[in-house]
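This report walks through a few local features of one protein structure, for a reader who has not met it before. Please look at the sequence and the model, and then read on.

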Amino acid sequence: MVRETIWYATHLPQLLRDRHAHHEHVAGLSVKGSLAALCIGTLVVALIGLWRPETASAQQPLSPGEVRPDTAATAPLIPVSIQHAAVAEPASARAATTRPTSTRSTPPGEVEAVRHVEYTVVEGDTLWDIARMHLGDALKWPRIYALNKDRFQGDGARLTDPDLIRPGWQLTIPIGRAAAPPTTSPPVPADPAPAATPTRPSQTAPAPPTLDQRKNTGRQEGGEHTPAPSVRHDEATAQKPSPQQGPAAISFGEASLIGITAAAGLLAARRYWYWHQHRQREPGQETEVPALSPLVDKAAQAAHAAARPRQPVDAHLLAPRRTPSQQPRPTGTVTIGVQEDAEVSLDELALPGGCAWRGPGAEGAARALLAGVLTAAERQRPGPPRVTAVVPHDLAESLLPGLPAQFTALTQSANLAEAVRAAEQHLIAHARIHDKHDTAPAAAWQASPNSAPETEPGTLLLVATPDAAHTGQLQALASRSKPATLIVLTLGTSLPGSISWHIADDGTVTSERRGQAPGTLRLFHLTPEAGRDVTEVLLTAHGQRPRLRVLPAPAPRPDSEHSGTPTATPADDEPPHPNAVEPSRPAQTKPVRLHVFGPVTLYARGHQDPVGTNLRNEVHEFLALLAAHPTGLIASDIADKLHLATGSDQNALKNLRRAVRRALRAATGITAQEFVLLQGELHKLNPELVETDLADFSRSLKEAFSAPDTEEARANSFSAVRDALSHYRGPFAHGSDYLWADTIREHLTMKATDAALRLARQAERAGATPRELDAVLALLEHLGGLHPDHERLAQHAIRLYQTAGRHDAAWHIYTRLTRHLTELGIEPEPATQALIAPHTRTRQMR
């Protein structure tokens with residue numbers, strides 16, 4: 001009774017704002033505790049009902065020493081629809097009345113509606129101040145951040161840092177809930193276009209605050225008793241009808257839309273992008289690993305989720321996930337848009353007489369079409385693309401500037417006449433192949449030992465702007481358009497006999513000649529900025545740059561006279577690993593140790609056997625995410641990274657915390673403290689109870705190179721690097737298919753390899769002793785076994801093995817590297833080949 005009296009006294013401000021806090025508090029207690037809470041709480045709620053102030057707020061004063069000007073909102077607060085919360089709307093659209101959107105279950109006959117306003121940031125504003133002014137509680141600033149995260153602003157920037165907002169930016173603010181009339185059928189959206197993407201927490205109204213969110217800042221969950229397992233949430237989840245398939249398109253802000261098939265191409269290119277980042281990086285650099293653009297990262301994650309095998313609905317799932325997008329089309333397919341929530345193939349443009357695109361959205365749609373051709377080629381690497389494009393240079397520069405004249409599936413002709421000749425040669429090649437198949441039996445020419453069967457030339461897309469001199473030639477080519485052979489697309493000007501499509505800003509197509517109703521087909525479209533992000537990723541995935549760059553200094557060659565390229569042959573014998581780095585477990589100093597290098601594993605009280613092996617995969621993912629962000633993550637960011645279903649994120653996070661609590665309390669016997677701290681909406685691992693190998697790895701690397709370069713410092717740095725790499729048992733969360741983990745995995749890999757390469761350089765320059773060489777080689781072998789396609793590691797290992805006179809071991813490193821690069825369709829650098837060339841000739845002479 002005393003404890004519950006204290007709780008209700010300290011949480012009186014929350015009870016004044018929302019009496020549902022009483023019911024949620026009671027639901028989270030044990031049977032004994034709930035009886036005491038009912039007695040005290042019912043009395044408190046009754047008193048609040050008799051006396052309730054007109055307005056109740058929990059304003060948080062500024063911290064001591066912080067001075068901020070009292071700034072009033074000079075821009076009007078205009079209600080906006082939730083469907084337009086993520087984009088800057090025209091003035092006419094923003095003046096529309098607010099439409100209700102339901103975000104949580106309500107009593108029968110009542111619908112909870114969330115109202116939003118559009119706010120213009122003025123000088124001196126912070127999210128803290130805006131939340132205090134308009135939400136009544138400064139601690140609710142994460143809701144504004146989640147609703148506007150990654151939103152394109154008028155100056156082209158995005159809100160990615162909650163501590164940085166600029167005057168003039170538009171922010172959508174949820175200002176309250178109002179009762180709306182009951183409805184028996186879901187509202188029909190005004191826009192008939194198909195849905196573009198599963199909604200993200202940053203694009204929808206935040207869920208109502210739960211009891212965990214209303215706790216005082218800095219208060220641990222220790223005061224919350226572990227309730228008996230409840231199945232109400234799981235039963236409700238199981239009763240909800242889940243859609244059979246997700247969307248086929250992915251939206252990026254106000255003016256970009258791509259298909260899931262193109263996103264799958266960006267996912268394929270991302271692997272090569274990371275590899276070339278490793279190849280081009282110098283280990284002495286202190287800069288952070290460059291990050292993918294938000295557009296490409298979001299597309300890759302959507303394609304990653306879509307490629308996962310569909311799992312049956314699990315009624316006991318702790319954290320329900322969002323419905324993934326549809327499966328991408330088969331490899332090599334290029335899509336142009338969506339119709340009836342399904343992707344439309346490029347063959348839709350194979351119209352006799354050609355197709356002409358006109359209207360304000362034609363340029364953006366053509367940009368997305370060329371990007372689709374390039375991304376389809378990425379899925380076929382290292383094989384040749386099935387769909388290629390020819391575009392005159394001036395038009396290609398206006399659509400996708402910065403590309404070389406010949407880049408994977410795109411050829412830029414010097415002028416329109418050259419583009420026409422390329423299309424004619426393509427038709428001739430098709431005719432030759434068909435004639436050979438028709439006149440000679442396949443077995444006859446395939447059996448010839450001196451000839452190989454010719455492959456189909458595939459589909460050629462010719463994109464051009466007609467001029468008077470070449471209209472006749474283009475018209476003749478367009479008359480030969482047919483699927484899987486040739487497609488002629490003109491921009492702005494129609495050819496005689498062609499079919500004209502009028503394309504709106506949002507990609508919707510109107511074609512009166514074909515009798516299409518407006519909105520039945522919506523083309524993919526990209527802004528120039530989004531097109532630049534795509535081309536930069538594709539260029540980097542091929543080791544190229546769109547603009548001038550400073551080339552790294554070439555690696556020193558042992559013999560500049562020899563430049564022969566040897567032919568790699570598999571090596572049978574593995575080289576001995578001198579003083580191999582043994583991934584032994586360090587002494588555990590805290591009750592729980594979490595390993596995220598390699599498979600995610602938990603250890604308790606220093607025991608050798610792991611604990612929590614029966615935990616569900618989503619709990620391991622939750623722990624790995626918190627380990628990767630030791631300073632903590634707010635609830636909306638966790639929901640976004642874990643891809644939690646919209647509307648169920650708060651319950652899902654509560655279920656995840658309870659699962660961690662049960663498992664670790666049973667393993668350690670600690671019941672008075674929480675292993676996952678909840679501070680407002682911030683989640684973090686309790687640093688007093690949980691230690692991680694990632695934290696030890698980062699701490700050791702920070703100590704390794706902090707001292708000046710002296711002989712004593714080099715000895716200390718080697719010890720620190722070896723200690724750090726002893727924690728690096730494998731890539732981050734190895735064996736787990738987490739959507740958010742790729743960037744973190746590559747970042748940590750680059751930190752580990754950078755440290756080993758810096759030690760290797762020191763050993764090469766300082767003339768290390770045989771013992772020191774063996775120790776450095778052990779580190780290089782340890783990382784080379786985990787990342788056999790890392791060319792910089794192989795180069796240093798080859799040089800050090802050759803210095804030690806162990807040429808067979810150097811040859812093995814080279815053949816292993818070549819074997820893995822061949823799988824990527826890449827050859828070793830000339831500098832790497834030159835390292836092994838002299839010894840190759842020696843082996844051949846023997």
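## A buried tryptophan pair

Trp357 and Trp501 are both buried, a word that stands for under 20% relative accessible area, with exposed meaning over 50% and partly exposed in between (1.4 Å probe, protein chains only). Their ring centres are 6.4 Å apart and their planes are at 15 degrees, so the pair is stacked. Rings of Phe, Tyr and Trp (its six-membered ring) pair if their centres lie within 6.5 Å, and planes under 30 degrees apart count as stacked, over 60 as edge-to-face and the rest as tilted. The model is a predicted one, in which local features need pLDDT of at least 70 and side-chain atom pairs count only at pLDDT 80 or more, while totals for chains, interfaces and linings use all residues. Residues are numbered from 1 along each chain as its sequence is written, and side-chain values use heavy atoms, with hydrogens and water left out.

## Other aromatic contacts

The whole structure holds 9 aromatic pairs. One of them joins Trp7 and Tyr8 edge-to-face, with 5.0 Å from centre to centre and 80 degrees between the planes; Trp7 is buried at a relative accessible area of 9%, and Tyr8 is buried at 2%.

Elsewhere, Phe597, Phe697 and Tyr728 form one aromatic cluster. Arg381 lies over the face of Tyr272, at 3.5 Å from the ring centre, where a charge sits over a ring if NZ of Lys or CZ of Arg is within 6 Å of the ring centre and within 35 degrees of the ring normal.

## The second largest cavity

A cavity is a set of points, on a 1 Å grid over the protein atoms alone, where a 1.4 Å probe fits but cannot get out, and its lining residues have an atom within 4 Å of a point. The count comes to 7 cavities of 30 Å³ or more, and the second largest has about 130 Å³ of space, a volume being the space filled by probe spheres set on the points, which are joined across faces, edges and corners.

This second largest cavity is lined by 17 residues, of which Ala262, Ala368, Ala371, Gly372 and Thr375 are the closest to its centre. Its lining divides into 11 nonpolar, 6 polar and no charged residues, where Ala, Val, Leu, Ile, Met, Phe, Trp, Tyr, Cys and Pro count as nonpolar, Asp, Glu, Lys and Arg as charged, and the others, Gly among them, as polar.

How values were computed:
1 Å grid on protein atoms, 1.4 Å probe; cavity = no way out; pocket = protein on both sides within 12 Å on 5 of 7 lines; lining within 4 Å.
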